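Subject: Handover of a structure, with notes

Dear colleague,

I am passing on the structure below, and I would be grateful if you could read the notes that follow with the coordinates open beside them.

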Amino acid sequence: MTAVVVVGSGIAGLAAALHARAAGCTVTLVTKDELGHTNTRFAQGGIAGVLFPDDSVDSHVRDTIAAGAGLCDPAAVRVLAAEGGERIGELVQLGVAFDRDADGAFRKGREAAHSYPRIVHAGGDATGRAIEHALVRAVRAADVRVVEHAFLVDLVGTARRVTGIDILRGSRRPEPGSVPGADRTAHEPVRIHADAVVLATGGAGRLYAHTTNPPVATGDGIAAALRIGAAVSDLEFVQFHPTVLPGSEPFLVSEAVRGEGAVLIDDDGRRFAFDAHPDGELAPRDVVARVIARQVTHQDGRPVHLDATGIRPTAEETATFLARRFPTIDAAVRARGWDWAREPIPVTPAAHYLMGGVDTDLYGRTSVPGLYAVGEVARTGVHGANRLASNSLLEGAVFGARAGDVIAGDARLPWPASAPASAPAPAVADAPSSTAPEPFTRAALQRLMWNAAGLERDERGLAHAASVLAGWHAGAAAPESVASHEDANLLLVASHLVAAARARTASVGAHHRRDAVPALPALATEGVV
């Protein structure tokens, strides 16, 4: 039997594990934290899919490509839209209770850049949690070996074939802010041999000072793929979610809130989003994030506000609706002391999703035989320069299943010609800064990336970032602990992201350059928190 290791336990990894097992593989699933602690469980808005008779695959394809600024792979987008309904049906069979109306039909939701309300949700704004719970249940019921608290150190093998993974296996990682040295549990190095490895490790949101991503999102899979020589692309395309509650623990306010009628207002109560796009608050995410940053600049750093008070005729009706439709968000907003049924709430952009990653074909195959990538760690081509809202869960379900379905067959044949060609990674070597940068810390890296490679970039800032990163690389010690491995991964991915951003001199989608020709209006980065 084909031995498969899946690294990561979000929707993509769990789908890949289940489908690989159903196809006759022996499957080991390793996850960095506990099995259900992934980015998937934080997804609020829902999952997009062609589920209604008055919608169409062609419409979903058009919306996805338009949001991606024309840089999507049309074949991958069509796979996503055409197979999405079946994958959502599979989730229903596994027990995901999507919200339904009195007649038993799915409740429709609309989010930015969709021409049709094709988003379905569960528990109001707890879609990711509902999906994660159902898939975790299914994996625990299947004959899948699960290894929790296992940190991916590296892939085993060469660019000619992957033969397994090296991990550090230990107890639960310390929470952010815990006392240094408080976790004294030794992490045991373990090698797991396999015929195939599926990377489903998520993105790299922890590159940035402000992010919606959990602490585990440190780019581990992308870094491991880079080290073994896998082709990686589009790292410059980082999506910043427009509406996040500010503070030391940012909390995402789903785009579905705007889909239900909430609006963005400035200090004077004016709906300023129409300054940037005729769709206003429901324009693509990159547009809304930048217009918020612009308005913050105009207001001398004061935040803009999301106004949900007019969603229903009275404050009482609005409060009831918000609590029912968005129970998780409602609780988080009220815990911060705001009554959002009666007053607008402050919001700010934060790093949310990485569109680029490890290059794959339509079945998750990478340029390295035996290595697959699914979910946010992968660059499938479906997102282009900017992901369409609620396509991320769908991508994980569709391409996770596709990878799982073909692994057993692939193991008996030469690596298919459809897999991406191997490609040299972009040059990232820069001369270290002539002035000594501040000592490396993760916080310093996150500030550097937020200011130089965040909502807006230009050559001057990117060149400075490249120089500082080169200096940090030169002085880096060999990693030993989980935290130091994470730091090394973040530093490696940051260097490649900056190199990719420097190479793309035009603005497109989420990659927005101040120095593009023709010149574009300046936006804020400092002060947007």
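In this predicted model, three strands form an open sheet in the order β10-β16-β18, and the pairing within that sheet is mixed. The edges are taken by β10 (232-233) and β18 (378-379), each of which has a single partner strand, so one side of each is left without a neighbour in the sheet. Between β10 and strand β16 (residues 357-359) there are two bridges, and these two strands run antiparallel; if you want one pair to look at, S233 has G357 of β16 as its bridge partner.

A second set of pairings involves β6, β7 and β8. Strand β6 (residues 150-158) pairs with strand β7 (residues 161-169) in the antiparallel sense over eight bridges, and a hairpin of two residues leads from β6 to β7, with T158 having R161 of β7 as its bridge partner. On to strand β8 (residues 188-193), β7 is joined by six bridges, again with an antiparallel run, and here G164 has H193 of β8 as its bridge partner. When you inspect the side chains of these strands, a general point may help: in a regular strand they alternate between the two faces of the sheet.

Ahead of β6, in the loop that separates it from β5 (144-147), lies H149, whose phi is positive at about 55° although H149 is not a glycine. With a relative accessible area of 17%, H149 is buried, the cut-off for that term being under 20%.

A69 may be set beside H149, since A69 also is not a glycine and has a positive phi, of about 60°. A69 sits in the loop between α2 and α3, and with a relative accessible area of 35% it is partly exposed.

The two helices on either side of that loop pack against each other: the axes of helix α2 (residues 57-67) and helix α3 (residues 74-93) come within 9 Å and cross at roughly 130°. The two are therefore oblique to each other, and their crossing is right-handed. On the α2 side the contact is made by V57, D58, H60, V61, T64 and I65, and on the α3 side by P74, V77, R78, A81 and A82.

How do α1 and α10 lie with respect to each other? The axes of helix α1 (residues 11-22) and α10 come within 7 Å and cross at roughly 30°, and the helices are therefore roughly parallel to each other, with a crossing that is right-handed. Residues I11, A12, A15, A16, H19 and A20 of α1 make this contact with L393, G396, A397, G400, A401, G404 and D405 of α10. The spacing within such lists can be read against a general property of the α-helix, which has 3.6 residues a turn, so residues three or four places apart point the same way.

L393, one of the α10 residues in that contact, belongs to the helix that spans residues 392-410, and at 4% relative accessibility L393 counts as buried. Leaving aside residues up to four places away in sequence, L393 touches I11, T40, A43, G46, I47, T127 and I131. As for A43, that residue and L393 are 350 residues apart in sequence, while their C-alpha atoms are 8.0 Å apart in space.

Helix α5 (residues 220-228) deserves a separate look, because eight of its nine residues are buried, so the helix is largely enclosed by the rest of the structure. The buried residues are D220, G221, I222, A223, A224, A225, L226 and I228, and just after α5 comes G229, which takes a positive phi of about 100°.

Finally, a word on the cysteines. How many disulfides does the structure hold? It holds zero. C25 is buried, with a relative accessible area of 0%, and C72 is likewise buried, with a relative accessible area of 8%.

With best regards

Definitions and conventions. Residues numbered from 1 in each chain as written. Predicted model: local features only at pLDDT ≥ 70, side-chain atom pairs only at ≥ 80, totals over all residues. Heavy atoms only, no water. Disulfide = S-S within 2.5 Å. Buried < 20%, exposed > 50% of the residue type's maximum accessible area, 1.4 Å probe, protein only. Helix = DSSP H or I, 4+ residues; strand = E, 2+ residues; numbered from the N terminus. Contact = heavy atoms within 4.5 Å. Pairing = 2+ DSSP bridges. Axes fitted to C-alpha atoms, helices over the stretch in contact; angles between N-to-C directions. Parallel < 35°, antiparallel > 145°, perpendicular 65-115°, else oblique. Left-handed = near helix turned anticlockwise from the far one by under 90°.
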